[in-house]
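Reader: I should like to learn how aromatic pairs and enclosed spaces are read from a set of coordinates. Could you take me through the general idea and then the case at hand?

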Amino acid sequence: MPPKSSKSTANKTGRKDADKALGLNLAQLQNLIKRDAASYVDEFRQQTRHWAAQLGVVGLGGAAGGEHDKLAELIGFLAQTAACFPKEPAAAAFPDQLVALLQASAQTLKPDLRRAMVQALILLRNKDGVPITRCVFLLDTHTHRTMPLFFSLFRIHDKDLRKLLHSHIVTDVKNANIKAKNNKLNKTLQNFMYTMLKDDHEIAARKSLEVMIELYTKNIWNDAKTVNVVAEACFSPHPKIASTAVHFFLGTHEDKKKEEDEEEEPDIDAIRHRIQINTKKKSKSSAVDKALASIKRKQRAKERAEVFNFSALHLIHSPQDFTDKLFARLKQITANSSSFRYDLRLAFINLISRLIGIHRLINLPFYTYLTPYLTPHQRQVPKLLAYMAQSSHDLVPPDTMQPVVQQIADKFIWSNSSTEVVVAGLNGIREVCQRCPLAMGEELLGSLIDDYKNHRDKGSMMAVRALLSLYREINPHILKKKHRGKGASMNLEKIEAPSYGSVNVTDMIDGADLLMDEQENEGKEEDPGDGWDGWEIDSDAEMDEDEEEEEEDNEKAKKRKANAKAIIERKLMEKEARKNLEKQLEASPAKKLKVMQSLTEKILTDEDFAKMRELAANRKAEFMSGTKRSRVAELMDEDDEENGEADVIDPRRITSGVKRKSTYAERSTTNREKQKKTKSFQMIAHKRSVVGKAKRSLREKQKVMRQHIVKQKKKGF
């Protein structure tokens, strides 16, 4: 039996070994500290002394590869447990030490260690251990200027680190403004990011721009200052930065982001079918639940109401100056085409044309610049035609727009051109003339209509008839008498020819008078009944039943005819009286005054506005009797589509009317498919494959059926 002194020595040695093992196992120590921090103060101080010793070694760059992993683990431990010891000086100094080390040696640190330090700072920031301005900015007392920390790390060639910093900055600013707008913080960050956009390092400037754009799309920084800061990035010498800013104003960056974020939805039917076949159903049933949950989550996200973001193009301080600078930049990059790709130059043209169309600006050299590119052999010419139409409006002088229309007609619309080229040219001319009616000359319009109104090609015929319908509505005076149509000829005196600079001012909502008349008629409308008013019950009991029935039937038929005739006559009289009253009140302001008074006393709903648009379209269709009644609904649909973005033209509208199969699979078919469609059974009845199927044994049929079932299972059906 050993002595007691040896027992106590063994217990002390075991406790020391346990403490040593606990110091080495940081995950276990972290768990214990979070449960009871007061009992493990000494162990925490021991780890802070170890961090202080390693800090000097890392600053000198003398740590080995294995030591970096241990140091990263130690940094994560201190970031997790520093909040448990707020009175410890080492815990309070830990964030400043991390910031100083990253600022001094970020470029030379190992990627894993650098990422661990950034994650530690993010963790401390999420726990409010570090102010947001401390993470994003660091005040340098030697140079007395603000120096970026997280944004300076964008300069490092580490894609994962840049992605981590980008997501954290956006989330942190979003959380800072979640309760209320933090205007002081937003102003500081916006001023700093404005300086970052002028940074010499392209990646840092581009990532700062992406942060601002994402904060705008998330409706956090949706003010004019953010938009104008992004507008300055359009003039950056770096193509990627300029492309990001231009696509932000065009709205195409959201489409690209949606395409990147889209994931293929799981096939629920295929998963359920595999569960029925496989033996292990418990492990597969969870897959169905997860797939259903993901589909429901995506459906809720689609149905969630979106926050409306006012268009960034309307928040620019001076659209005319911005457009002039953009056009000067476009001419500069056109002269030096090696640095900017053709797609980026198209984006510049699209942005300039959209600004001109929305704000109705005057930039005459832009049309001269774009006109030489309107040729059929030009790459992506439908987009150029759409951009030319976007930039045209009624304030552009006709002397500027007529050469554009003449150029399109000369290059696209002639006998040797293909159908696609002619249709694109006619549609482009129609889009330009719809916004600038004076751009079309009388001789050119008559020549186009004479050549293609009854053309054998349907696409060209429909395109020129759409152009004819447009001018029947807006300016039938320049049409020949045979082309005006019945409605335009009858109402030629009422239709005023458009003149340059004229403005049509409306003093009443279009269709409001028709809505009021319809509501009044509905209130006065009486129920004609079932045709039995005024009848008397015959109570003659002496008449036979058969005679009574015959007599009642005859009298009923007479009464029905009389009532129907009276109803028709009454409706015709009301219709004529209404037309006469409208003609009497049309020239006098009494009707308009009555309508305006009723509108001020009533709140119109969405249904009322939809009804007014429908009634106005019907009246317009009746006025221009060349339009069929069945087309009224189509005209309404087109009008509703254009209400949202009337100034933006889809290039597909330029090529509408051209029917062409796009894929090779749609154009060609195999001989076997042709055989199934064209040949009758008598022509293939003697073939070996057909005869063999009829003479197969039961065993062969079962074998073929099993192969078919296996094949269908592999497909997932």
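Author: Let us begin with burial in this predicted model: Phe327 is buried, with a relative accessible area of 5%, and Phe366 is buried as well, its relative accessible area being 0%.

Reader: Which cut-off makes a residue with a relative accessible area of 5% count as buried?

Author: Buried means under 20% relative accessible area, so Phe327, at 5%, falls in that class.

Reader: How is a pair of aromatic rings described?

Author: The description rests on the distance of the centres and the angle of the planes. The structure holds 10 aromatic pairs. In one of them, Phe44 and Phe85 are stacked, at 4.3 Å centre to centre and with 20 degrees between the planes. Because Phe44 lies in helix α3 and Phe85 in the loop between α4 and α5, this pair ties together parts that are 41 residues apart in sequence. Both Phe44 and Phe85 are buried. Phe327 and Phe366, by contrast, form an edge-to-face pair, with 6.0 Å from centre to centre and 75 degrees between the planes; Phe327 belongs to helix α16 and Phe366 to helix α18, 39 residues apart.

Reader: And how does one find empty space, and which helix gives the most to the lining of the largest cavity?

Author: Rolling a probe the size of a water molecule over the atoms shows where empty space is left. Here the search finds two cavities of 30 Å³ or more, and the largest holds about 60 Å³ of space. Helix α17 gives the most to its lining, with four residues, and the lining as a whole divides into seven nonpolar residues, no polar and one charged.

Note on methods:
Residues numbered from 1 in each chain as written. Predicted model: local features only at pLDDT ≥ 70, side-chain atom pairs only at ≥ 80, totals over all residues. Heavy atoms only, no water. 1 Å grid on protein atoms, 1.4 Å probe; cavity = no way out; pocket = protein on both sides within 12 Å on 5 of 7 lines; lining within 4 Å. Points joined across faces, edges and corners; volume = space filled by probe spheres on them. Helix = DSSP H or I, 4+ residues; strand = E, 2+ residues; numbered from the N terminus. Nonpolar A, V, L, I, M, F, W, Y, C, P; charged D, E, K, R; others polar. Phe/Tyr/Trp six-rings, centres within 6.5 Å; stacked < 30°, edge-to-face > 60°. Buried < 20%, exposed > 50% of the residue type's maximum accessible area, 1.4 Å probe, protein only.
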